[in-house]
Amino acid sequence: MYSLVFKLFLFLSLLQISVSARNLATEEPNQFKLLKYHKGALLSGKISVNLIWYGKFKPSQRAIISDFITSLTHTSPTSKTLHQPSVATWWKTTEKYYKLATPNKNSSPLSLTLGKQILDESCSLGKSLTDNKIRQLASKGDQRDAINVVLTSADVTVTGFGMSRCGTHGHARGLGKRGSKFAYIWVGNSETQCPGQCAWPFHAPVYGPQSPPLVAPNNDVGLDGMVINLASLLAGTATNPFGNGYYQGPQNAPLEAASACPGVYGKGAYPGYAGDLLVDTTTGGSFNAYGANGRKFLLPALYDPTTSDCSTMV
């Protein structure tokens, strides 16, 4: 299980990461410079993203997440009417990892689509969840060609939430053929529990440099924060689904495609400042990517393996 640790910790790690990248570039000029490929399988082909809603979410909140997933592969009927930068363009950075790992193979790259949505509003496993219960909930989704995403409401506590992580991704044994396994993600709504740790920059951080919080693009601090964390974990799942893909550092606490670029959302970012972003002139919401159904999202920078830089949308 690979956790999305507090953004503050990641901010403080940025300088160290940048130095490490430069050192690796010097020592291994012909290899992937920051995130090492550990020769494991990456997700490929058509994969459904199943959403398992645990606790009460408003339909408008569920729509924010659903539209984000749809946006990953959303294209406009004509390229001229497709707003840029787009969520789909952001996601294409993950394809570069796949091409580096499988340069001579003809198998299809990863294509994500919105799958089933399962509601558990009564919180069948209680309102205090362990990692084992998260895996139990994740198993309610398809266990073949799928990523099962468990989303917990603001009144549900999860081990480590608000103390050491904002979400996590991992894999579990499937019920199909022997040796089968499926990938899963958990993300919690931090609005009332730990917004300073897991909803920055839409909430003031608990520690570190202080600056005015940004306005959430979908007017929901908790859900817009969930989009950021879900985006980071989806990128980690795509490029390191089973713990032996692309990562750097300890296997149980790895730096991955998004966590290698801590706190970076736009050009000019530094600890306490998310970067130069787009601003909705009507709502004042800050964003860096357009999505389906007129949505706007703020997404984390992804480490680009072909340039050894953090790739931002703006």
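**Entry 1: Pro 250**

I began with Pro 250, which at 49% relative accessibility counts as partly exposed, and I noted that the model I am reading is a predicted one. I found Pro 250 in the loop between strand E10 (246-247) and strand E11 (278-279). I then looked up its distance to Tyr 2: the two residues are 248 apart in sequence, yet their C-alpha atoms lie 10.0 Å apart in space.

**Entry 2: the chain as a whole**

I stepped back to the protein chain, whose secondary structure comes to seven helices and 16 strands. Of its 314 residues, 55% count as buried. When I looked up the contacts with a separation of 6 or more, I saw that residues 24 or more positions apart account for 73% of them. The chain exposes about 14,100 Å², and carbon and sulfur atoms supply 52% of that area.

**Entry 3: the nonpolar cores**

I asked myself which residues touch the most other members of the largest nonpolar core. They are Phe 68 and Leu 234, in a core of 52 residues. At least two residues of this core come from each of strand E3 (46-54), helix H2 (59-71), helix H3 (87-91), H4, strand E6 (146-152), strand E9 (181-188), H7 and strand E15 (302-304). H7 gives the most to the core, with nine residues.

I followed Leu 234 further and, leaving aside residues up to four places away in sequence, listed what it touches: Phe 68, Ile 69, Leu 72, Trp 91, Leu 112, Ile 147 and Ile 185. Apart from this core I noted another, of 19 residues, among them Tyr 54, Leu 129, Leu 137 and Ala 172. As background I wrote down that nonpolar side chains in soluble globular proteins tend to be buried together.

**Entry 4: the second largest cavity**

Rolling a probe the size of a water molecule over the atoms shows where empty space is left. I looked up the cavities of 30 Å³ or more and found that the structure holds three. I chose the second largest, with a volume of about 90 Å³.

Its lining is made up of Leu 42, Leu 43, Trp 91, Thr 94, Glu 95, Tyr 97, Tyr 98, Pro 109, Leu 110, Ala 238 and Thr 239. Helix H4 (93-101) and helix H7 (221-239) are the elements that give two or more residues to this lining, and the largest share, four residues, comes from H4. Sorted by character, the lining residues of this cavity divide into eight nonpolar, two polar and one charged. I noticed that Trp 91, one of the lining residues, is also among the residues that Leu 234 touches.

**Entry 5: unusual backbone geometry**

Most residues other than glycine have a negative phi, and most peptide bonds are trans. With that in mind I looked for departures, and asked where cis peptide bonds occur, beginning with the one that ends at Pro 85. The bond from Gln 84 to Pro 85 is cis, with omega near 0°, and Pro 85 has its place in the loop between H2 and H3. A further cis bond runs from Trp 200 to Pro 201, with omega near 15°; Pro 201 is in the loop between helix H6 (195-198) and H7.

I then turned to phi. Asp 145 shows a positive value near 55°, though it is a residue other than glycine, and it sits in the loop between helix H5 (131-138) and E6. Ser 308, likewise not a glycine, has a positive phi of about 60°, and its place is in the loop between E15 and strand E16 (309-311).

Are these two residues buried or exposed, or something in between? Asp 145 is partly exposed, with a relative accessible area of 47%, whereas Ser 308 is buried, its relative accessible area being 19%, and buried means under 20%.

**Entry 6: the loop between E7 and E8**

Last, I looked up two residues in the loop between strand E7 (157-158) and strand E8 (167-173), one of them Gly 160 and the other Ser 164. Gly 160 counts as buried because its relative accessibility is 9%, while Ser 164, at 41%, counts as partly exposed. Gly 160 is 30 residues from Thr 130 in sequence and 8.9 Å from it in space, C-alpha to C-alpha. Ser 164 and Gln 197 are 33 residues apart along the chain, and their C-alpha atoms are separated by 9.1 Å.

Note on methods: Residues numbered from 1 in each chain as written. Predicted model: local features only at pLDDT ≥ 70, side-chain atom pairs only at ≥ 80, totals over all residues. Heavy atoms only, no water. 1 Å grid on protein atoms, 1.4 Å probe; cavity = no way out; pocket = protein on both sides within 12 Å on 5 of 7 lines; lining within 4 Å. Points joined across faces, edges and corners; volume = space filled by probe spheres on them. Nonpolar A, V, L, I, M, F, W, Y, C, P; charged D, E, K, R; others polar. Buried < 20%, exposed > 50% of the residue type's maximum accessible area, 1.4 Å probe, protein only. Core = buried A, V, L, I, M, F, W, Y, C linked by side-chain atoms within 4.5 Å. Contact = heavy atoms within 4.5 Å. Areas by Shrake-Rupley, 256 points an atom, 1.4 Å probe, with all protein chains shown as cover.
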